[in-house]
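Here is a short report for a reader new to this structure. Please look over the sequence and the model first.

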Amino acid sequence: MKKIFTVGAAVFTLTIAGAAALAAQGGPVKDLAPQTKANLEAAMHGEAFANLKYLRYAEQADAAGKKELAQLFRESANIEANEHFDREAEALRLGSSNATNLEDAMAGEHYENTKIYVEFADQAEAAGDPKVAAMFRQIAVDEGVHYDAYKAALSKIKS
């Protein structure tokens, strides 16, 4: 499972770098219509989810001894992330300066660490799903670690 998230993080990092390079190439860029922007964001969420889901399916196929099926899932996952998501990220002009990207990442990790996973854990607990609640609480801690790492990187860049 860690392999899936490592691949996802690498794809996201490469996407930001590619989008920033694209933005730096040209002159003024026309702002996207609000609906176009919303559609790109929705599409990117779908592509990212499909990428990670297919990588999980590939691991399950491998475990079942279905190597060809696992390869099919991996090839599809690669297209979802490295073609579809990447093209949509470029169209959205995802990414900016390193400092801006770190600030954006910090905001997302802080929200996950202090709000969303805490709420998810509380709801799972109330619904009688203590194992899922414990998982959400542990993930919240991880998100706090990510926040701290991004904060340290930003401090390093600014000094």
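## Helices α2 and α3

The crossing of α2 past α3 is left-handed. This is a predicted model. The axes of the two helices, α2 and α3, come within 8 Å. They cross at roughly 160 degrees. An angle over 145 degrees counts as roughly antiparallel, and α2 and α3 are therefore roughly antiparallel to each other.

Which classes of residue make up the contact of α2 with α3? It has 19 nonpolar residues, four polar ones and nine charged ones.

## The overall fold

The protein has five helices and zero strands. Read from the N terminus, its elements run α-α-α-α-α. The protein has 159 residues, and 23% of them are buried.

## Along helix α2

Helix α2 covers residues 34-63, which is 30 residues. From its first C-alpha to its last, α2 reaches 44 Å. That is close to the 44 Å expected at 1.5 Å a residue.

Which residues of α2 are buried? They are L40, M44, E47, A50, N51, L55, A58 and A61. The list includes the charged residue E47. After α2 comes G65. The phi of G65 is positive, near 80 degrees.

## Residue pairs across the chain

Three pairs bring together residues from separate parts of the sequence. Take T36, which lies in helix α2. T36 has a relative accessibility of 36%, so it counts as partly exposed. T36 and A91 are 55 residues apart along the chain. Their C-alpha atoms are separated by 9.7 Å.

Next comes E90, in helix α3, which spans residues 67-92. Its partner here is L40, 50 residues away along the chain. The C-alpha atoms of E90 and L40 are separated by 9.9 Å. L40 is one of the buried residues of α2. E90 is partly exposed, with a relative accessible area of 28%.

The third pair starts from K53, another residue found in helix α2. K53 and F73 are 20 residues apart in sequence. In space they are 9.0 Å apart, C-alpha to C-alpha. K53 counts as partly exposed, at 29% relative accessibility.

## The loop between α3 and α4

R93 has its place in the loop between α3 and α4. What is the sign of its phi? The phi of R93 is positive, about 60 degrees, although R93 is not a glycine. R93 is partly exposed, with a relative accessible area of 27%.

## Along helix α4

Helix α4 covers residues 98-126 and has 29 residues. Its reach from first C-alpha to last is 40 Å. The value expected at 1.5 Å a residue is 42 Å, and the reach is close to that.

Where does α4 bend? The bend is at E112, and it is about 45 degrees. The buried residues in α4 are N101, L102, M106, E109, I116, Y117, A121 and A124. Just after α4 comes G128, which takes a positive phi of about 85 degrees.

## Helices α4 and α5

Two packed helices are described by the angle between their axes and the distance between the axes. Helix α5 covers residues 130-158. The axes of α4 and α5 come within 8 Å and cross at roughly 165 degrees. The two helices, α4 and α5, are therefore roughly antiparallel to each other. Their crossing, with α4 passing α5, is left-handed.

How many residues of each class are in the contact of α4 with α5? There are 21 nonpolar, five polar and nine charged residues.

## In brief

The protein has five helices and zero strands. α2 and α3 are roughly antiparallel to each other, and α4 and α5 are roughly antiparallel to each other. α2 passes α3 in a left-handed crossing, and α4 passes α5 in a left-handed crossing. The bend in α4 falls at E112. Positive phi values occur at G65, at R93 and at G128.

Technical notes. Residues are numbered from 1 along each chain as its sequence is written. This is a predicted model: local features need pLDDT of at least 70, side-chain atom pairs count only at pLDDT 80 or more; totals for chains, interfaces and linings use all residues. Side-chain values use heavy atoms; hydrogens and water are left out. Helices (H or I, at least four residues) and strands (E, at least two) are DSSP runs, numbered from the N terminus. The expected span of a helix is 1.5 Å times one less than its number of residues. The bend at a residue is the angle between axes fitted to the seven residues ending there and the seven starting there. Buried means under 20% relative accessible area, exposed over 50%, partly exposed in between (1.4 Å probe, protein chains only). Axes are lines fitted to C-alpha atoms, for helices over the stretch in contact, and angles run from 0 to 180 degrees between N-to-C directions. Angles under 35 degrees count as roughly parallel, over 145 as roughly antiparallel, 65 to 115 as roughly perpendicular and the rest as oblique. A crossing is left-handed if the near helix is turned anticlockwise from the far one by less than a right angle, and right-handed if clockwise.
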